[in-house]
Amino acid sequence: MLRELFLTLSHSKSARSFITGVTVARRVSSRFVAGITIADEIKAMRELNRRGMKVTADHLGENVSTEADATRAADDYIQLLDAIASDGVSSHVSLKLTQFGLDLGNGVCFANLRRVLDRAKAIGTFVRVDMESTDYTERTLTLVRAAKDTGCDNVGTVIQSYLYRSEADIAALIEDGIRVRLCKGAYKEPPDKAFPNKKNVDANFVKLSHMLLAAAKQKPDLYPAIASHDEKMVAAAREYASSNGVPRSNFEFQMLYGIRRELQDSLLAEGYNVRVYVPYGAEWYPYFMRRLAERPANLWFFVSNLVKG
Ligand code: FDA
């Protein structure tokens, strides 16, 4: 119920203008967002690198409605990549295709994606195309494949275990040699497309993580990312890997900035690869709403700060 409410609010312009104007909201969101500028982002990533964490940088933004905004979003990523290279931070980048103009057509979006992929390749960095709602699943996979087919070997994408289609998508991506990040899924989806029940989403996550790990044992380049803060999902992946001889170097765990830091640290201390997804930028509102939707305790933290504020 609360999840639905926050996912609906994430699209509301009036809620956005109200909440982004509240100082306390900006303060609470900073638990999940590294800051507003590239300098803030580089500082947060450098600190994580220093502790042995891998990182992926996300410049927040989605669903642009003009070509100029889509071009600017890609320019911002190129600036980010230049800063990663010049400041010597070790980082991948993660991006959303609706930020690069997917709502305006595949052509506009692909041109922007290619510019970023080419720049990333020039500095030896990998680009993860995040997965958005099911309005975009098919086109996201099409554009990621088109990038791979036209010589970009530094691109991968994300599959969500709440979708019925995901098992078939993972099998095809393994076949195509495209790297996958597996997550549960963060959008509001209808019951004809996604499991409405958390138990089924979790069971599918375990099943899909095993598929990815089995493939990575044979082909280390597939290097899947198991992205969850759920200890049961993490344990299932660890157990599968150790009982089936999948080397720890062939996969990584991923978690979001500011969430389950103790789990991130303990996995790292045990010798697993851990990558933290570090978002930054002024467009933090929908990202923040999705984090509130995932965990009611975040809402109480927000409300108690609001009351104190
Ligand atoms: P679940 O929601 O069951 O939570 C398990 C436990 O984790 C909770 O009990 C709590 O302890 C902790 N936790 C989870 N979320 C929390 C939060 N917001 N605040 C505090 N604690 C929290 N989704 C998507 O649709 N497309 C994408 O491209 C991505 N990309 C992505 C990258 C990375 C690195 C991660 C970790 C996640 C994503 N996601 C995503 C989000 C993902 O789909 C999912 O919504 C969240 O990860 C929450 O699901 P969990 O697997 O953590 O489990």
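The domain assignment divides the protein chain of this predicted model into domain 1, which is made up of residues 1–32 together with 285–309, and domain 2, which covers residues 35–283. Between their C-alpha centres the two domains are 23 Å apart, and the interface that joins them buries about 1,300 Å². The structure also holds 1 cavity of 30 Å³ or more, which is described after the interface.

**Interface between the domains**

- Contact across the interface of domain 1 and domain 2 involves 14 residues from domain 1 and 16 residues from domain 2.
- Of the area of about 1,300 Å² that domain 1 and domain 2 bury between them, 50% lies on carbon and sulfur atoms.
- On the domain 1 side, the residues that lose the most area to domain 2 are F32, Y287 and R290, which together account for 40% of what that side buries.

**Salt bridges**

- The rule finds 2 salt bridges across the interface of domain 1 and domain 2.
- A salt bridge links the side chains of R16 and E283, with a distance of 2.4 Å from N to O.

**The largest cavity**

- The space in the largest cavity amounts to about 40 Å³, and the residues that line this cavity are L173, I174, I178, R179, V180, L212, A215 and L222.
- Two or more residues of this lining come from each of the elements α8 (166–176), β5 (179–183) and α9 (198–218).
- By class, the lining of the largest cavity consists of 7 nonpolar residues and 1 charged residue, with no polar residues.

Definitions and conventions
Residues numbered from 1 in each chain as written. Predicted model: local features only at pLDDT ≥ 70, side-chain atom pairs only at ≥ 80, totals over all residues. Heavy atoms only, no water. 1 Å grid on protein atoms, 1.4 Å probe; cavity = no way out; pocket = protein on both sides within 12 Å on 5 of 7 lines; lining within 4 Å. Points joined across faces, edges and corners; volume = space filled by probe spheres on them. Helix = DSSP H or I, 4+ residues; strand = E, 2+ residues; numbered from the N terminus. Nonpolar A, V, L, I, M, F, W, Y, C, P; charged D, E, K, R; others polar. Domains from an automatic or database assignment. Contact = heavy atoms within 4.5 Å. Buried area = accessible area lost by both parts, 1.4 Å probe. Salt bridge = Lys/Arg side-chain N within 4 Å of Asp/Glu carboxyl O.
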